[in-house]
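Please open the model in a viewer and keep the sequence panel visible. The tour below proposes one selection after another and states what is found at each stop.

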Amino acid sequence: MILFFIVIVIILYLLYYLKNQYHDYKYIEYSCKFSSNSIYNDRREAYAFDMNKNIEESSVFKKYKLDEKFVYFYNNLFKNVDKTEFGFAYSNGEIGKLYVNDNNNIYGIEKRGNKYSIRIYKPDAYFKKEELDIFVGKDNSTLLYRLFNIPSEVVVYKKYDQNYNFKLNFYLIYLEQYLIHDYRTQIVTLLKTFKCKLDNIDKWLDKYSDYYLYWIAIGKKNDILEVTFYYRKK
């Protein structure tokens, strides 16, 4: 009788673990984009999978209902890529992007409607602020560095997007895992300076107050600046 009880407890624990603790993904990263021509969009989340953990890609694709063209691109376009990590991003409830990490060079496919396009993210481990001065103006970049305590040399990813003829239009800057709750003022100050819409900003700040900022992105599309925050549960 005692043995039977122990077996039942073990089974229940395993079921609980599989349901609540075990994840096939490495982490989930959320993001929120702000700009001057639209209210913020925080219905964005990305799932990352570690290739060093014997992940079976086909099972993951089936489980998360990756569409056939994304699977085709993964199996053919990225066939010879040395994948260390792969992932996909949801936007407004649908998978809209597929990513592959090739030893810190990141390649992506974006879906818009029925069209697919390529984006490439190149790392710069010794990025110099002067480059951002040219992109957004020296005063704006100086404010960004001051508000978020960004060191003079920092890891930055630069995005080259097929939709913009692979012209550099996006800088993704690494942060030291800042708690959003502690950076409310800095976030609002930056968004105001970059003339982003702040409708319901307090609602977003409250919702994610216990999340940590990992990256901040500064982009420009048709001369309109965009600010995107990337954050996770620690």
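A salt bridge, as the term is used here, is a side-chain nitrogen of Lys or Arg within 4 Å of a carboxyl oxygen of Asp or Glu. The model is a predicted one, in which local features need pLDDT of at least 70 and side-chain atom pairs count only at pLDDT 80 or more, while totals for chains, interfaces and linings use all residues. Residues are numbered from 1 along each chain as its sequence is written, and side-chain values use heavy atoms, with hydrogens and water left out.

**The whole chain**

Begin with the complete protein, which has seven helices and 10 strands. Helices (H or I, at least four residues) and strands (E, at least two) are DSSP runs, numbered from the N terminus. The C-alpha trace spans about 75 × 40 × 35 Å along its principal axes. Of the 234 residues, 46% are buried; buried means under 20% relative accessible area, exposed means over 50%, and partly exposed lies in between (1.4 Å probe, protein chains only). Among contacts in the protein with a separation of 6 or more, 60% are between residues 24 or more positions apart, where contact means heavy atoms within 4.5 Å.

**Salt bridges**

Side chains of opposite charge can pair when their charged atoms come close. How many salt bridges does the rule given above yield? The count comes to 19.

Select Lys 26 and Glu 85, whose side chains form a salt bridge at 3.3 Å, N to O. Lys 26 belongs to the loop between α1 (2-20) and β1 (27-35), and Glu 85 to strand β3 (residues 85-91), so this pair ties together parts 59 residues apart in sequence. Is Lys 26 buried or partly exposed? Lys 26 is partly exposed, at 46% relative accessibility, whereas Glu 85 is buried, with a relative accessible area of 15%.

Move next to Lys 33 and Glu 226, where the salt bridge is 3.7 Å, N to O. Because Lys 33 lies in strand β1 and Glu 226 in strand β10 (residues 224-232), the pair joins parts that are 193 residues apart in sequence. Lys 33 is partly exposed, with a relative accessible area of 23%; Glu 226 counts as buried at 13%.

A further pair to display is Asp 67 and Lys 111, which meet in a salt bridge of 3.2 Å, N to O. Asp 67 is found in the loop between α2 (57-63) and α3 (68-77), and Lys 111 in strand β5 (residues 105-112), so parts 44 residues apart in sequence are tied together. Lys 111 counts as partly exposed, at 30% relative accessibility.

To view a network of salt bridges, select Lys 97, Glu 110, Arg 112, Arg 119, Lys 159 and Asp 161, which are linked in this way.

**Helix α5 and helix α4**

Two packed helices are described by the angle between their axes and the distance between the axes. Axes are lines fitted to C-alpha atoms, for helices over the stretch in contact, and angles run from 0 to 180 degrees between N-to-C directions.

Select helix α4 (residues 129-136) together with helix α5 (residues 138-147): they pack at about 130 degrees, with axes 7 Å apart. The contact involves Lys 129, Leu 132, Asp 133 and Val 136 of α4, and Lys 138, Asn 140, Ser 141, Thr 142, Leu 144 and Tyr 145 of α5.

**Helix α5 and helix α6**

Keep α5 and add helix α6 (residues 184-193); their axes come within 10 Å and cross at roughly 175 degrees. The contact is formed by Asn 140, Leu 143, Leu 144 and Leu 147 of α5 with Gln 186, Thr 189, Leu 190 and Thr 193 of α6.

Now colour the buried residues of α5, which are Asn 140, Ser 141, Leu 143, Leu 144, Tyr 145 and Leu 147. These buried residues pack against β6 (115-128), α4, β7 (153-161), β8 (167-179), α6 and β9 (212-221).

**Leu 147**

Finish by centring on Leu 147, a residue of helix α5 that is buried, with a relative accessible area of 10%. Which residues does Leu 147 touch, not counting those up to four places away in sequence? They are Tyr 183, Gln 186, Thr 189 and Leu 190. The C-alpha atoms of Leu 147 and Gln 186 are separated by 5.6 Å, although the two residues are 39 apart along the chain. After α5 comes Asn 149, whose phi is positive, near 50 degrees.
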